[in-house]
Amino acid sequence: FQILEVPPRFVSVEELMETAKGVTNMALAHEILVNHAFQVKPAELPEGSLERRVKEIMHKAFWDCLEDQLKEDPPTYGHAIKLLAEIKETLLSFLLPGQGRLRARIDEVLDLPLIQQQAEKGTLDISELSQFIVGMMGSLCAPCRDKDINKLKENTDIVPLLKAIFSVLDLMKVDMANFAVSSIRPHLMQQSVEYERSKFQEFLEKQPNALDYTEKWLEDAVRCLREAGPDGSSAASSDPPSLLPLNVHNHAYLRLLRWDHASDPFPETVLMDQVRFQEMQQETERLVLLSSVLLVVYTTTGEAISGLPGLMETLKNTVSVMLADMHTPSFSAQEALATIGEKLCVELSQCLGQHGYSPFSADRKSTLMGQISATIQPDNTVRKLMDSRVQSYFLASLESSQHKTPPALPGGLAPVGKELKELAVRFSRLVNFNKLVFSPFYQKILNKILAGGESP
């Protein structure tokens, strides 16, 4: 054997485990808080995996053994009693502190020493106990499990019934976990800001350079505000109020919706939400392109379609379906927009004909399809206009969130107004929570940057 020289260990395994546990708990608490759709889901091993195959073989062996034991003369109840003990423990875990009567009833019927004595005397009735268990599950389960409980009541074959009972109990455990998540969320909100801040501080003490990318992120936001005013004006008109911390923060967060995730490291303080911000960025880009195409249609076609009922929704649905996969590797924007142009021309011609207008001429159709295809270019005038308005709307949402008054929707965005408002609410909620947690760290960085003058 070759003896390798081990480098000096600066952090103990216990410290590493404790830090990892703290970060994991912080990430879980953060997910519960910011993701209102968060739910615990049953763990499923991948189809065809070795782990799944081993699990299936072991489960089959257990249930086959149970069936063989119950078919013996006289029956052997060793496996059955172990199952009853596990079922009893699970049922008791579902009880709330005030359900003492149900607890007493479960202890009375599933009295394991008594069940052992009955098994030894040959008087144990597994079917009767199973029916009691099913009835108790029915009184403890969520309403969504009523159908599963009714199926259990129809099952009379003892081994399949016990297998089904365990399957439903697993689902009930997930239901109970999700109930606990929804119950803990209001209490978690009260403590989560200090909790996440303290955990990050502990991490920062072990990794002093853990704010490098956050500092660069804020520096870039300050530099952009110095080079051009918040309204896009020149540097000469940029006034000191534009560099107020709140303004810098809002513009910095807005930059996260234009982030190059492939090449630029994400700021450490928002790293747990990188996927969330990336999804919002993709949704924003889709809404910008969608609104650009619809604006081109309406400005090109004119008053003829402006008042036709349901037409806007029809056109919007057509474009939305074609842009649903625009961020997948196989998506071809050029092909998709060409197809969108053809489909919209067909729908518009039909609609115009139905309402007494002249159908599209070949030249008109060609012009419209060309303008729709051009929206894929980043420097396209319509697309830049829609992108600017969307960004302005998000910025106004961040500013107005302090006063709980939603901003007015900019012109041209009415067709995507519902989606845009929902996205702005999610974006603002995430940003405001992050501000609460990391404001002390941001303030120190901004003080340092702004004290540095024109060259942060």
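Let me start at the surface of this predicted model, where Leu50, Val54 and Met58 come together as a nonpolar patch with about 320 Å² of accessible area between them. Leu50 belongs to helix H2, which covers residues 50–71, and with a relative accessible area of 65% it is classed as exposed. As a general tendency, nonpolar side chains in soluble globular proteins are buried together, and with that in mind I would like to turn from the patch to the interior.

The largest nonpolar core has 70 residues, and the members that touch the most others are Tyr253, Phe277, Ile372, Phe394 and Phe427. Helix H16, residues 417–451, is the element that gives the most to this core, with 14 residues. If we take Tyr253 and set aside residues up to four places away in sequence, the residues it touches include Trp217, Val270, Phe277 and Leu398, and also Phe427, Val431, Asn434, Lys435 and Tyr442. There is, in addition, a second and separate core of 39 residues, among them Val109, Ile158, Phe166 and Leu169.

For the protein as a whole, the secondary structure consists of 16 helices and zero strands, and of the 456 residues, 39% are buried. Among contacts with a separation of 6 or more, 70% are between residues 24 or more positions apart. The accessible surface comes to about 26,400 Å², and carbon and sulfur atoms account for 56% of that area.

Now to the charged side chains, where the count comes to 19 salt bridges. What does Lys316 pair with? Its partner is Glu419, with the closest N and O atoms 2.7 Å apart, and this pair links distant parts of the chain, since Lys316 sits in helix H12 and Glu419 in helix H16, 103 residues apart. Lys316 is buried, at a relative accessible area of 7%, whereas Glu419, at 22%, counts as partly exposed. Elsewhere, salt bridges with shared partners join Lys216, Asp220, Arg223, Glu227 and Arg255 into one network. Within that network, the side chains of Asp220 and Lys216 meet at 3.1 Å, N to O, and because these two residues are four apart in helix H9, residues 212–227, about one helical turn separates them. Asp220 counts as buried, with 11% relative accessibility, while Lys216, at 47%, counts as partly exposed.

A further pair within a single helix is Glu108 with Arg105, whose closest N and O atoms are 3.5 Å apart; both lie in helix H4, residues 100–109, three residues from each other, or about one turn. Here Glu108 is exposed at 52% relative accessibility, and Arg105 is partly exposed at 40%.

Turning to the cysteines, a search of the whole structure finds zero disulfides. Why is Cys141 not bonded to Cys144? Cys144 holds the closest cysteine sulfur, but at 7.5 Å from the sulfur of Cys141 it is too far for a bond. Cys141 itself is buried, with a relative accessible area of 13%, whereas Cys224 is partly exposed, with 33%.

I will finish with a loop residue, His327, which lies between helix H12 (311–323) and helix H13 (333–354) and counts as partly exposed at 34% relative accessibility. Leaving aside neighbours within four places in sequence, His327 is in contact with Gln282, Glu285 and Arg286. In the case of Gln282, the two residues are 45 apart in sequence, with a C-alpha to C-alpha distance of 7.0 Å.

Methods. Residues numbered from 1 in each chain as written. Predicted model: local features only at pLDDT ≥ 70, side-chain atom pairs only at ≥ 80, totals over all residues. Heavy atoms only, no water. Core = buried A, V, L, I, M, F, W, Y, C linked by side-chain atoms within 4.5 Å. Buried < 20%, exposed > 50% of the residue type's maximum accessible area, 1.4 Å probe, protein only. Contact = heavy atoms within 4.5 Å. Patch = residues over 30% accessible without salt bridge, like charges linked within 9 Å, V, L, I, M, F, W, Y side chains within 5 Å. Areas by Shrake-Rupley, 256 points an atom, 1.4 Å probe, with all protein chains shown as cover. Salt bridge = Lys/Arg side-chain N within 4 Å of Asp/Glu carboxyl O. Disulfide = S-S within 2.5 Å.
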